[in-house]
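Colleague: Got a minute to go through this one with me? I'd like to hear what stands behind each label.

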Amino acid sequence: MSDKVVLAYSGGLDTSVAVRWLKEEYNLDVIALTIDVGNERDFAAVQQKALKVGAVKALVKEAKELFVNHFIFPALQANALYEGQYPLATALSRPLMAKLLVDVAMEEGASTVAHGCTGKGNDQVRFEVGVNALAPGLKIIAPAREWGMTREQTIDYAQRYGIPLPITAASPYSIDENLWGRSIECGVLEDPWVEPPEDAFTWTKSPSQAPSKPDYIEIGFDRGIPMTIDGQGLDGVSLIQRLNELAGKHGIGRIDHIENRLVGIKSREIYEAPAATVLLQAHQALEAMTLAKEQLRFKQRVAQEYADLIYNGLWFTALHQDLAIYIQSSQRFVTGTVRLKLFKGSSSIVGRKSPKSLYSHGLATYDKGDQFDQSASAGFIHIWGLPVRTQAQVQGTGSLGEKEESK
Ligand code: ARG
């Protein structure tokens, strides 16, 4: 009896060729594992295809809820955006997939897991570091990194073994998608000067084709978790799906980013992330109202750290556990409702309210009802400016600086 390998199977060309290749090169029986993280796909067809190309077993695991509750929402609470731009859809799905690969390997008594990533990207790192953390004894094979075939050669290999070419019409792009967003790479997008062609996008309307009337929506949060749209309670998966549609229709969430990969490559990445864009914006607006200035400042630093560790494949680490507790705690007053206007490619915050709001009209107003003691400001400024006055007197720092003086 041959040993078994659990392969993360997408139904695409590389993972289909990998099924056969693992048998030929390693004499391993392949269990194909396909994970549903909200990618619109015919999972029954993917399963059939896995069996057809030679898998001894093909499993499909529904993981949308797990993905939302354990990965997407914590990242939203953190405001995680890699390099200030990328909401991390692909990156967040990998540790979940690593976990499910490990679980199935245990259940099936497999010695090995495999994935279809090449040696140039971040995903190989995320899968393997994740698997290493969860099951240090498990072997890992990365066929597409090992076989050294070009795309042409992979197609030849497929034809030689009667492996059907992709179910969907061949796309000029490499695409990865899940509930939190769609990542688009390759083809003409590799020229950073070229505007992404309209056919790169499928979730978002071109802003120029978007409705000429705005939509207003209200998103209700409870401790940093979005719970309602326009007052209607929705589970996390439905809420995100709904926002992807609504914001996508208005052309919101297109991102064009020159990104720094972990392996040192700069790459041009296009993303569509309508729900992520709107939710991150709304969440930050609510935090601006419910967190103190110092909390906000500190949390921004944590957000960057958190985004980097997600991107860099360090989900299953102690640092992540520590930061997650901080982020969770920071959300205890982030409850309330945010109103947004969706229009022609952008969403804007037009209102916010919260039972825990730190905004005080009595303190802020210039109208009647002012509760701020303006006379106290004089003393405050006297103390605040003390070190500035001292330094200016002693060191002459009260000037415009060199440029002005050398004139
Ligand atoms: N650059 C993004 C990331 O590293 C997206 C990767 C897309 N992956 C893919 N297999 N097409 O997270």
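Colleague: Which elements each supply at least two residues of the shell around the ligand?

Modeller: Those are α4 (89–108), β6 (174–178) and β7 (181–185). Helices (H or I, at least four residues) and strands (E, at least two) are DSSP runs, numbered from the N terminus. Bear in mind that this is a predicted model: local features need pLDDT of at least 70, side-chain atom pairs count only at pLDDT 80 or more, and totals for chains, interfaces and linings use all residues. Residue numbers start from 1 along each chain as its sequence is written.

Colleague: What are the residues around the ligand?

Modeller: They are Thr90, Ala91, Asn122, Asp123, Ser174, Asp176, Ser183, Glu185, Glu259 and Glu269. A residue is near a molecule if its C-beta atom, placed from the backbone, lies within 6 Å of it, so that is the test for this list.

Colleague: How do they divide into nonpolar, polar and charged?

Modeller: One nonpolar, four polar and five charged. Asp and Glu count as charged and Ala as nonpolar, so Asp123 and Glu185 go in the charged group and Ala91 in the nonpolar one.

Colleague: How do you know that β1 and β4 pair, and in which sense?

Modeller: Two strands pair if DSSP finds at least two bridges between them. Strand β1 (residues 4–8) and strand β4 (residues 112–114) have three, in the parallel sense, so they pass. Val5 stands opposite Thr112 in β4.

Colleague: What makes β3 and β5 edge strands?

Modeller: The order in the open sheet is β3-β2-β1-β4-β5, and β3 (57–62) and β5 (139–141) each pair on one side only.
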